[in-house]
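Reader: I am new to this structure and would be grateful for a guided discussion. May I put some questions once it is shown?

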Amino acid sequence: MFPDHRSYTTPIYFSSDWLNEYWDTLDVDDYRFVYMGPKGSWTPFHVDVFRSYSWSANICGRKKWLLYPPGQEEFLRDCCGNLAYDVTSPDMQDRRHFPRFGEACRPLEVIQEAGEILFVPSGWHHQVYNLGELSSVQKEIDEWRDTMESWDHHCQVMMKSCTGIDYAEFASFLKTIANHRISFLSSRDANVFSEALSALGPHHATFDLQRVAQVLESMLSNEDFKRVMASESSINIEELLQEIRDTISNHNAAY
Ligand SMILES: O=C(O)CCC(=O)C(=O)O
Ligand SMILES: [Fe+2]
């Protein structure tokens, strides 16, 4: 996020780093990461990018690492060949899901304290937990948030990359669903939107509208959502809610 901010120097032991040497030459991006999270947060089972080796310095809090030597990942795949997401899940014991889990060795368990650096050799798959409270980091995050104009936008970018959708698009999704039902209920024109709506009928359309209204109301009680919608979307949620409520009450009056 701050590429020119030299916040640390690479320990000599790890300074032969072809991956970042290459990416620094391209000057586009790099493979340096900061992981932060509250107690209980964790990073799912994975191997590092391009099977590179890596090192990780823990600045504060405590981490628990579960590490599997190269090759063990073959026993940690599900029946479709996908790598497990959580190697501690009870699901791993189910032979129908993870047919070869019984052949896997136990992972190497390492507790990493603040100030310690861990080296992860190439091909060692791992899963990592944040054990300690990161109250000092939380304080810093709060301070950044207060000074960063683009905080909300960054959060939306992360939400979209993690979940596939952000607040504005989710609101637009709900608006589309609501509008189809509002038109269906007001015009009674069964062909306008979908065969499905006319097959399901007006009661179902009203039911859907009630559910959309419930979701919108609960989202409106969230200050972050309201702020993001005001700055990043043209949708007026209050207006939409009013339209939904009017449609529902007209429909109820008609029946
Ligand atoms: O600290 C974490 O949560 C994950 C770290 C990690 O996977 C890594 O450094 O390769
Ligand atoms: Fe990793």
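Reader: Does Val28 count as buried or exposed, and why?

Author: This is a predicted model, and Val28 is placed in the loop between α1 (18–26) and β1 (42–46). A residue counts as exposed over 50% relative accessible area. Because Val28 has 67% relative accessibility, it is classed as exposed.

Reader: Which residues make the nonpolar surface patch of about 320 Å²?

Author: One member is the loop residue Val28. The complete patch, with an area of about 320 Å², is formed by Tyr22, Leu26 and Val28.

Reader: Which strands are the edge strands of the open sheet?

Author: The sheet contains 4 strands, ordered β1-β6-β3-β4 with antiparallel pairing. An edge strand pairs on one side only, and this holds for β1 and β4 (108–112). The edge strands are therefore β1 and β4.

Reader: Which residue in β4 stands opposite Leu66?

Author: Strand β3 covers residues 63–68 and runs antiparallel to β4, with 5 bridges joining the two. In β4, the residue opposite Leu66 is Glu109.

Reader: What are the protein donors of the iron ion (ligand 2)?

Author: The donor residues follow the sequence spacing H-x1-D-x77-H. Two of them, His46 and Asp48, are buried. At 2.1 Å from the iron ion (ligand 2), the protein donors are His46 (NE2), Asp48 (OD) and His126 (NE2).

Conventions
Residues numbered from 1 in each chain as written. Chains lettered and ligands numbered in written order. Predicted model: local features only at pLDDT ≥ 70, side-chain atom pairs only at ≥ 80, totals over all residues. Heavy atoms only, no water. Patch = residues over 30% accessible without salt bridge, like charges linked within 9 Å, V, L, I, M, F, W, Y side chains within 5 Å. Areas by Shrake-Rupley, 256 points an atom, 1.4 Å probe, with all protein chains shown as cover. Salt bridge = Lys/Arg side-chain N within 4 Å of Asp/Glu carboxyl O. Buried < 20%, exposed > 50% of the residue type's maximum accessible area, 1.4 Å probe, protein only. Pairing = 2+ DSSP bridges. Donors = N, O, S within 2.8 Å, 3.2 Å for Na, K, Ca; no water.
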